[in-house]
Amino acid sequence: MHTAQTILDTISNVNILFYIIAYLVGGIPFGMMIVKIKTGKNILTTGSKSIGATNVYRTLNESNVANAKIWSLSTLILDAIKGLIVVLIAKLMGLSYETQWAIAILSVIGHCYSPWIGFHGGKGVSTAIGSVILLMPIEGIIGLIIWGVVGKVFKISSLSSLLGVLCGVILTFIVPHIIPLPDSINIIAQIHSHVPVVIIALIVIYTHWKNIVRLFTFKEKKFTTKSEGASTASSN
């Protein structure tokens, strides 16, 4: 009886409930659903087999779907929102920063290893940005800008994603020490640790491992439209 009560207390704990919700919401495969609706294809069998925005664009573009870029951007936004929404609700409910950061991590894990599609998923970048943007907006926005600029200049999706995330993490070691940030957006004041952002970065690095190998061997191709040539392996 005592064991049953302990289990009941555990699953009814608000933090545990939010952790479960974060993982399940993070795992919603928006990219897969969009591609299935627009083309009837299973995105897990096309291109990089990722459910992220880059592979969505490639799959739709190859299928001559109108507005492929818009649908790809929609995927990116939706993947970011699912990382943001649970953190936002937890924040509004006054849950601790430790809980909010755990939610952010679980949202990214959910996206990368979705329970809805056999623990397959994307590479976590969009969801990572969405999940941390309320907790560290300065570093997150700068990382997002770097992601966009590098992607525009070099047209290598994996390179821009990795640099954007890594720069965002590195900035958490710098920005709070040179800018008097409010505690609500200062990771040091929040939890006195950089562990959560490092964990998120490690997840993104792990999901990009094959891309990293190709980058160092100069085999990672540029991401291009059909009119420009063949597409590269996805980063999202």
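## Working through an all-helix model

Lys 82 and Asp 79 form a salt bridge whose closest N and O atoms are 3.3 Å apart (a salt bridge being a side-chain nitrogen of Lys or Arg within 4 Å of a carboxyl oxygen of Asp or Glu). We'll come back to that pair in a moment.

Before you start: this is a predicted model, where local features need pLDDT of at least 70 and side-chain atom pairs count only at pLDDT 80 or more, while totals for chains, interfaces and linings use all residues. Residues are numbered from 1 along each chain as its sequence is written, and side-chain values use heavy atoms, leaving out hydrogens and water.

**Exercise 1. Work out what secondary structure the chain has, and how much of the chain is buried.**

Step 1: Count the elements. You get 13 helices and zero strands (helices are DSSP runs of H or I with at least four residues, strands runs of E with at least two, numbered from the N terminus).

Step 2: Read along the sequence, and the pattern is α-α-α-α-α-α-α-α-α-α-α-α-α.

Step 3: Check burial. Of the 236 residues, 47% count as buried (buried is under 20% relative accessible area, exposed over 50%, partly exposed in between, with a 1.4 Å probe and protein chains only).

**Exercise 2. Find how many salt bridges the structure holds, and say where their residues sit.**

Step 1: The structure holds two of them.

Step 2: Go back to Lys 82 and Asp 79. They are separated by about one helical turn, because they are three residues apart in helix H5 (residues 68-92). Both Lys 82 and Asp 79 are buried.

Step 3: Now take the other pair, Arg 214 and Glu 220, with closest N and O atoms 2.7 Å apart. Arg 214 counts as partly exposed because its relative accessibility is 25%, whereas Glu 220, at 10%, counts as buried.

**Exercise 3. Look at the phi angles of Lys 49 and Phe 218 and say whether they are positive or negative.**

Step 1: Start with the background. Most residues other than glycine have a negative phi.

Step 2: Lys 49 isn't a glycine, yet its phi is positive, about 65°. You'll find Lys 49 in the loop between helix H3 (30-39) and helix H4 (53-62), and at 48% relative accessibility Lys 49 is partly exposed.

Step 3: Phe 218 isn't a glycine either, and its phi is positive too, about 60°. Phe 218 sits in the segment after H13 and is exposed, with a relative accessible area of 78%.

**Exercise 4. Describe the second largest pocket: how much space it has and what lines it.**

Step 1: The space comes to about 480 Å³. On a 1 Å grid over the protein atoms alone, a pocket is an open set of points with protein on both sides within 12 Å along at least five of seven lines, a cavity is a set where a 1.4 Å probe fits but cannot get out, and lining residues have an atom within 4 Å of a point.

Step 2: The lining has 17 residues, and Ser 48, Lys 49, Gly 121, Lys 123 and Thr 207 lie nearest the centre. So Lys 49, with its positive phi, turns up again here.

Step 3: H12 and helix H13 (209-216) each supply at least two lining residues, with H13 giving the largest share, three residues.

Step 4: Sort the lining by type: five nonpolar, eight polar and four charged (Ala, Val, Leu, Ile, Met, Phe, Trp, Tyr, Cys and Pro count as nonpolar, Asp, Glu, Lys and Arg as charged, the others, Gly among them, as polar).

**Exercise 5. Do the same for the largest cavity.**

Step 1: The structure holds one cavity of 30 Å³ or more, and the largest cavity has a volume of about 150 Å³.

Step 2: Of the 15 residues lining the largest cavity, those nearest its centre are Ala 128, Val 132, Met 136, Val 165 and Gly 168.

Step 3: Helix H7 (125-132), H8, H9 and H12 each give at least two residues to this lining, which divides into ten nonpolar, four polar and one charged.

**Exercise 6. Place Gly 151, and find how far it is from Ser 161.**

Step 1: Gly 151 lies in helix H8 and, at 22% relative accessibility, counts as partly exposed.

Step 2: Gly 151 and Ser 161 are ten residues apart in sequence and 7.9 Å apart in space, C-alpha to C-alpha.

How values were computed
Grid points are joined across faces, edges and corners, and a volume is the space filled by probe spheres set on the points.
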